[in-house]
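Reader: I would like a close look at one part of this protein, the interior. Please take it in one connected account, and say how the terms are defined.

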Amino acid sequence: MITPLIGYAAALEQYPPAEAVALARLAEQHGFHGTMAADAFAPFTPQQGQASAVWPVAGALGAATAGDIGVGPVTPTFRVHPAAVAQSSATLAALYPGRHWLGIGSGEAISEHATGQYWPEPPERLNRMFEAVTIITKLFSASLAGKETRHDGEFFRLGTSRLWTMPVEAPRILIATAGPVTAKRAGRTVDGLIIEAAPIDKIGMLFQRFADGAREAGRDLASTSRVLRLHLSWAPSEEQAMTNALVEWPNGGMRFAKSDIRSPHDLEQIAKLVRPDDFDDRLLVSADPEVHRAAIQRYLDLGFDRVYLHNVGRNQAEFLEVFGREVLPKLHR
């Protein structure tokens with residue numbers, strides 16, 4: 001049996017940056033391997049309360065921990081130009097060789113509307129994302145070769161340029177998706193998938209679409225990654241675990257697309273409608289570590305090679321100690 005890589009998902013929507021870094025360090029001390037942190041300009045609800053810039057936090061994570069540093073999903077299409085994301089990613093990878101991977105997503109209005117741009121429909125957001133990936137990939141490849149590159153596309157332009165600070169190997173690029181079309185396009189273009197919102201019975205289909213795309217492009221599937229960011233709610237009692245879910249992460253129980261909502265205050269009002277059974281099959285709420293272990297193992301059995309856990313409650317130290325002792329040692333691939 002292979003010991004799986006179970007990492008910690010740093011919730012920058014909930015914790016100030018210094019606390020998030022300290023929790024990631026504590027997670028590593030309890031047997032978690034690596035940290036994943038997403039980019040957001042706003043939390044989902046005011047109760048969550050934070051939204052620090054991911055790149056400075058990632059640099060601090062690299063200094064405070066020894067595992068991998070997954071930055072993503074990042075949206076290189078509205079608030080930030082793809083070239084700036086490429087530069088930040090390359091710099092982080094140069095600081096911490098072999099430890100950083102870059103996750104890309106199509107974005108949500110709650111963060112991306114901040115610059116006041118028109119918020120397009122999903123097909124355009126996806127096309128923007130894949131064009132951004134093209135620019136990032138071109139910059140990585142050209143810069144490793146000591147050459148310049150340029151881009152003149154439908155959504156972005158890149159003047160003749162290169163990245164002057166590069167690691168020995170370019171960061172791996174993963175795309176976040178819950179849909180089959182995006183998964184297949186990702187298979188043609190990037191190094192892996194990030195999944196966090198797809199129903200478990202659809203994950204096999206997403207993996208298959210990704211594999212189809214990779215084969216069509218002549219890419220080696222053995223070198224690709226399948227990453228899961230798993231939101232859960234654990235506490236010593238069932239009542240507290242459910243309270244944590246309802247208060248801290250009600251967005252996990254919203255059974256509709258949220259990518260067009262622009263304000264945490266709007267989601268706060270919608271959250272008042274969320275009931276305990278809305279979390280069924282979306283966010284596991286349980287006081288029993290064994291129930292969580294079985295759920296994580298099921299995902300590993302589907303083929304994920306990295307799983308990053310986010311316990312939605314504020315009981316992080318207790319969660320890390322209990323899961324490090326009772327859950328992580330029993331998981332396998």
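Author: The account below starts with the whole chain, goes on to the interior, and ends with some single residues.

This is a predicted model, in which local features need pLDDT of at least 70 and side-chain atom pairs count only at pLDDT 80 or more, while totals for chains, interfaces and linings use all residues. Residues are numbered from 1 along each chain as its sequence is written, and side-chain values use heavy atoms, with hydrogens and water left out.

The protein has eleven helices and eleven strands; these are DSSP runs, helices being H or I of at least four residues and strands E of at least two, numbered from the N terminus. Its radius of gyration is 19 Å, close to the 20 Å from the globule rule for 333 residues, so the protein is as compact as a globular protein of that length. That radius is taken over C-alpha atoms, and the rule is 2.2 Å times the number of residues to the power 0.38. The C-alpha trace spans about 60 × 45 × 40 Å along its principal axes.

Of the 333 residues, 53% are buried. Here buried means under 20% relative accessible area, exposed means over 50%, and partly exposed is in between, with a 1.4 Å probe and protein chains only. A contact means heavy atoms within 4.5 Å. Among contacts with a separation of 6 or more, 76% are between residues 24 or more positions apart.

Now the interior itself. A nonpolar core is a set of buried Ala, Val, Leu, Ile, Met, Phe, Trp, Tyr and Cys residues joined through side-chain atoms within 4.5 Å. The largest one here holds 68 residues, and Ile-6, Tyr-8, Phe-32, Ile-296, Leu-309, Phe-319 and Phe-323 are those with the most contacts inside it. Helix H5 (residues 122-144) supplies the largest share of this core, eight residues. A second core, separate from it, has 17 residues, including Ala-235, Met-242, Met-254 and Phe-279.

Leu-309 shows how distant parts of the sequence meet. With neighbours within four places in sequence set aside, Leu-309 is in contact with Ile-6, Gly-7, Tyr-8, Ala-9, Phe-32, Leu-230, Leu-232, Ile-296, Phe-319 and Phe-323.

Two of these partners, Phe-319 and Phe-323, are in helix H11 (residues 316-326), where Gln-316, Leu-320, Val-322 and Gly-324 are buried along with them. An α-helix has 3.6 residues a turn, so residues three or four places apart point the same way. The cover over the buried residues of H11 includes strand E1 (5-10), helix H1 (17-29), strand E9 (225-233), helix H10 (289-302) and strand E11 (306-311).

The segment after H11 contains Lys-330. Lys-330 has a relative accessible area of 47% and is therefore partly exposed. Not counting residues up to four places away in sequence, Lys-330 touches Glu-290, Arg-293 and Gln-297. Its C-alpha is 25 Å from that of Asn-244, 86 residues apart in sequence.

Two helices give further detail. Ala-132 belongs to helix H5 and, at 0% relative accessibility, counts as buried. Outside its neighbours within four places in sequence, Ala-132 is in contact with Pro-76, Thr-77, Pro-82 and Phe-156. Helix H7 (residues 200-216) holds Ile-203, which is buried at 0% relative accessibility. Ile-203 is in contact with Ile-195, Ala-198, Tyr-299, Leu-302 and Phe-304, again leaving aside neighbours within four places. Gln-208 is also in helix H7, but is partly exposed, with a relative accessible area of 41%.

Two backbone features remain. Most residues other than glycine have a negative phi, and most peptide bonds are trans. Gly-72 and Pro-73 are joined by a cis peptide bond with omega about 0 degrees, and Pro-73 is in strand E3 (residues 69-74). The C-alpha atoms of Pro-73 and Ile-203 are 18 Å apart, although 130 residues separate them along the chain. Asp-281, not a glycine, has a positive phi of about 65 degrees. Asp-281 sits in the loop between helix H9 (264-271) and strand E10 (284-285) and is exposed, with a relative accessible area of 82%.
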